[in-house]
Amino acid sequence: MDGVRVGNRVIGAQSPVTIGWENIPKVQGGPIKRFVFTWFQPTMLFGLLAFWYYAPNSIATASTAIGIGIGFRVLLFALEWVNPRYESWRLTWKEMVVDLFYVGLGYTILRIVDNYIGSDVMVKAIQGHFHWDSFKWFTGLPLLLQAFLIAFIFDFGQYWMHRGMHNWYPLWLPHSVHHYITQLNVNKGAVGNPVELFLIGLGLGGFFDFVPRAFLLAGAFGMAIGAYQHINVRFDSPRWWRFLFNTTEHHSLHHSQDFEATRSNYSGSFIFIDRMFGTCIDGEAELLGMEGGRRMSIPEQMTYPFTEAWKTLKEKFGRGSAVVPAE
Amino acid sequence: MHDAVPALPSRAGRAPLSEGFRVDLRLIDWIWHIRGSLALAPGQSSDDAFDRLDPLFGQTGTGHDRAGDTLTFQKKDPGAQDKLSVFDRGVLRIERDAAGPVLRYHLVSRILLFCFVAPLLFLAFAQLTITLAKFQKPSTEATATSGKTAGAAPKKPGDKAAVKAADVPMNPIDKFLGAPAPEKPKKDGESKPGRRNKKPSATPAYVFAAFFAILYIIGRILEDRLVRRLFEKKLAGS
């Protein structure tokens, strides 16, 4: 396999990938279907922004956001059935059980951990040391600008955290489990070792909850853009959308079986952050996963970072690993 | 019918279970074991039937062994789209009775067992949430009470964290576009919006326990039917 040269890198030398928007297949079907799958993403984004912008205070609450989030996921499930990107990524009962197990962990035990030793504690501690007066300049900005800045700062942090995970072995170990997924579906973003899910939950978002509306608007950015990272739906996203935002195409390259391709498209929502730092590759991949697409079981997903770390430590510091017979 | 279904060979390195325990296990192993039988075409040989089923066992991570009328298989890390990925091992046996040849199968699925047990795990998380909240409550109340008795001074306008969003005037652009004005700051002690001020609730754990209970019922019925239909299709040569 020759691969394709993108800048200084050769992408797709180990596993097939498609590079360049012009080479990516289009939505098949009649004009209505093509219209829907072209404008669905922008309509949802602007619709959600308008909702959170104008909703009365009694409706603009965190619980409404949770309700909308669940409803949106159900809608995306339906889209996967109607217009899958790849037949080889069809959701099966087993995949659904595994995905929902991790979603469930995120809503239960990880939330408890977060509450007692995680980001919630950190946020409260740091909030106590800040003079909120110094944030008045921020809360006086137009709401949409506040929301964009919150989403951008959060995504900027996530970009570097994610890039760090791909470049520093101790962080790669917990993240690697997520790269053993072999297909993309709506809930695949939740699949990973709990240590990573805990680490990735340590975000900046919580600092801004004293401005609920801007925070909820920022959440709309995350939901209406980030939700498409792991999804099996073929969209004809408008050109400007693909330039600004992370798409399922970008993220499938990031999950490709090709090593070089995985070292790209790190951002969660705003792919222009990758463009800023030269890590963006426009394209897509069907064959996903580590070790040629070996699918991990749940017990291995839970233990892999620890067993691998142990193996590495033993190799490095263990006795007898480099015994050379005396002459 | 189940009596005629082939028994699984004991796994290597494990001592066979005592007969008494095995009988007890049979009462509950339907949870993760799927058994069934299919009538073959009259005169169809074992070799012909297994040749037709053979592609199913040529998948990544699948090992299988044919010995006469019996086929055994095991799977490790099967692919997501492997049609038998739900099963970890199984036995297929062709038997002949008066009505003609019959394929009997006995398949074992750890993911079915996992899904069956998952509601219990989430109920445990719910219990943990409730227990931790109980531990936390007295200390919070104690702090509040001690604060009152000690005659804690009311917060001054300049206190840290006392300045809320509502103290900040709305941006003229938002006023012009008609966004609702932020709420007035709530009095101390009242709950504020945002999840940071909420204790973890046990509700999500109950919801997921119910999800997995429903998913188990669906999976136990669906996978039983799917595997039967799959064998039927393959044996029919499609």
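Helices here are DSSP runs of H or I with at least four residues, numbered from the N terminus. The model is predicted.

**Exercise 1.** State which helix holds Val97(A), and decide whether Val97(A) is buried or exposed.

Solution.
- Val97(A) belongs to helix 3 of chain A.
- The cut-off for a buried residue is 20 or more other C-beta atoms within 10 Å.
- Val97(A) has 22 C-beta neighbours inside 10 Å, so Val97(A) counts as buried.
- Once neighbours within four places in sequence are set aside, the contacts of Val97(A) are Ile111(B), Cys115(B), Leu215(B) and Gly219(B).

**Exercise 2.** Determine how helix 3 of chain A and helix 5 of chain B are oriented to each other, and list the residues that make the contact.

Solution.
- Helix 3 of chain A covers residues 93-107, and helix 5 of chain B covers residues 203-235.
- Their axes lie 11 Å apart, at an angle of about 170 degrees.
- Angles over 145 degrees count as roughly antiparallel.
- The two helices are therefore roughly antiparallel.
- Helix 3 of chain A contributes Trp93(A), Val97(A), Leu100(A), Gly104(A) and Tyr107(A) to the contact.
- From helix 5 of chain B come Pro204(B), Phe208(B), Phe211(B), Leu215(B), Gly219(B), Leu222(B) and Glu223(B).
- Sorted by class, the contact has 9 nonpolar, 2 polar and 1 charged residues.

**Exercise 3.** Describe chain A by its secondary structure, its buried share and the sequence range of its contacts.

Solution.
- Chain A has 15 helices and 4 strands.
- Of its 327 residues, 41% are buried.
- Take the contacts in chain A between residues at least 6 apart in sequence: 74% of these join residues at least 24 apart.

Methods: Residues numbered from 1 in each chain as written. Chains lettered and ligands numbered in written order. Predicted model: local features only at pLDDT ≥ 70, side-chain atom pairs only at ≥ 80, totals over all residues. Axes fitted to C-alpha atoms, helices over the stretch in contact; angles between N-to-C directions. Parallel < 35°, antiparallel > 145°, perpendicular 65-115°, else oblique. Contact = placed C-beta atoms within 7 Å. Nonpolar A, V, L, I, M, F, W, Y, C, P; charged D, E, K, R; others polar. Buried ≥ 20, exposed ≤ 12 C-beta atoms within 10 Å, placed from the backbone.
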